Amino acid sequence: MKFGTYMFEAKKVPGFDYDLFRVKPEVGRRMPPKADMHSNIAIFGDNVTARLHPDWISQSDLGPAWRTNDNFNVRWEVLCATQPEHRAEQLDYIEDVARKSQGIWLNSIHFAEHGHCTCPRCKDLWKKSGLSWYEWRRKEVTEYMAQVSDRVRNRAKKKFVIGVLPDPVTNYERFGVNFDDLAPLTDEFLVVMFNKNYATPWYNEMLTRNFKKLFKDVPLNIALYVIGPGDDPKETPTPAELLTVSVRMARAGVDGLLYLTDKAAQMQEFQKAAIALTDVRERLKSYGGKQGQEVLDLVTSWEKIV
Ligand SMILES: [Zn+2]
């Protein structure tokens, strides 16, 4: 297994295999990439671009994908997935960031949600395609990801990881995502499973098994939530929950785990807190398997450096 940080701060943290910097998160802010870190980019979730081009927002019968539209689980503004200027600009941007860093990990690659996008361009493209609504959306997502993959893997010659939302069954109907289409285009998959607590890890373990089955030979990475920007620490997962869910997803076959914090100092606080959990670490030894032990060995390795 590999372990990574996933942070809004461009600062490596000792004790992990690699560091993933949020160069362009869904808020749309862009930061310079770091040569010794991987880069995380959200494509269509982009508050800044939506503010500059409100006519690019994704449309539906239940209203546009502004984050204020409670008909959908949109936590940021989501642009139309076929907007040609945004697509072209992001292709060049992603290739440039790939050349200046270790690799590209993508989020927000797809349509906003079920029923999106019904803008005049999308309706026109759909009718001209001769395909069903769902198959046309799938084709749009797959063809654009093929272009991005070419820029990162073939031109910039860097690692490429496609991120999808944690829905193993209806990603196709909701977002236009077909895992089998994307598998040959990506080196690995990332599934973000952010939660303010991991009190019921049974579900995370189940989802891990689901995605392992669906992704077949393509490695599965899962990102866990430690603390985000502006969070009250009392309302974030406890270190015991994070260690437990990590071991349980490890025994279910996850290939890599990433831990999200805002700052590097918060990652080091998490490392210290994990080390201090001697009773939990001892109990988790009985949870079975070599992979679960790899999580516990990671924490043991932190004792020397934190
Ligand atoms: Zn559209």
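Biologist: How does α7 pass α8, in a left-handed or a right-handed crossing?

Modeller: The crossing of α7 past α8 is right-handed, meaning that the near helix is turned clockwise from the far one by less than a right angle (anticlockwise would be left-handed). This is a predicted model, where local features need pLDDT of at least 70 and side-chain atom pairs count only at pLDDT 80 or more, while totals for chains, interfaces and linings use all residues. Residues are numbered from 1 along each chain as its sequence is written, and side-chain values use heavy atoms, leaving out hydrogens and water.

Biologist: Where are α7 and α8, and at what angle do they cross?

Modeller: Helix α7 covers residues 201-215 and helix α8 covers residues 239-251. Their axes come within 8 Å and cross at roughly 30°. Helices here are DSSP runs of H or I with at least four residues, strands are E runs of at least two, and both are numbered from the N terminus. Axes are lines fitted to C-alpha atoms, for helices over the stretch in contact, with angles from 0 to 180 degrees between N-to-C directions.

Biologist: Are α7 and α8 roughly parallel or roughly antiparallel?

Modeller: Roughly parallel, because of that crossing angle. Under 35 degrees counts as roughly parallel, over 145 as roughly antiparallel, 65 to 115 as roughly perpendicular, and the rest as oblique.

Biologist: Which residues make the contact?

Modeller: On α7, P201, W202, N204, E205, T208 and R209 take part, and on α8 the partners are T244, V245, R248, M249 and R251. Contact means heavy atoms within 4.5 Å.

Biologist: Now α2 and α4. How far apart are their axes?

Modeller: The axes of α2 (residues 84-99) and α4 (residues 133-155) are 9 Å apart, at an angle of about 30°. These two helices are therefore roughly parallel as well, and their crossing is right-handed. Residues that meet there include H86 and R87 from α2, and E140 and Y144 from α4.

Biologist: New topic! What do the strands form?

Modeller: A closed barrel of eight strands, running β1-β2-β3-β4-β5-β6-β7-β8 with parallel pairing. From one strand to the next, the twist averages 25°. Two strands pair if DSSP finds at least two bridges between them.

Biologist: How many bridges join β1 to β8?

Modeller: Six bridges link β1 with β8 (residues 256-261), and Y259 in β8 is the bridge partner of T5. With β2 (residues 18-24), β1 shares four bridges, and G4 faces Y18 there.

Biologist: Is β1 mostly covered or mostly exposed?

Modeller: Mostly covered, as five of the six residues in β1 (residues 2-7) are buried. Buried means under 20% relative accessible area, exposed means over 50%, and partly exposed is in between, using a 1.4 Å probe on protein chains only.

Biologist: Where is A223, and what does A223 touch?

Modeller: A223 sits in strand β7, opposite V192. Leaving out residues up to four places away in sequence, A223 touches Y6, L190, V191, V192, M193, F194 and L258. A223 counts as buried because its relative accessibility is 0%.

Biologist: And which helix lies across β7?

Modeller: α9 (residues 264-276) lies across β1, β7 and β8, at about 120° to β8.

Biologist: Last one: how many disulfides does the structure hold?

Modeller: Zero, with a disulfide being a pair of cysteine sulfur atoms within 2.5 Å. C80 counts as buried because its relative accessibility is 1%, and C122 is buried at 0%.
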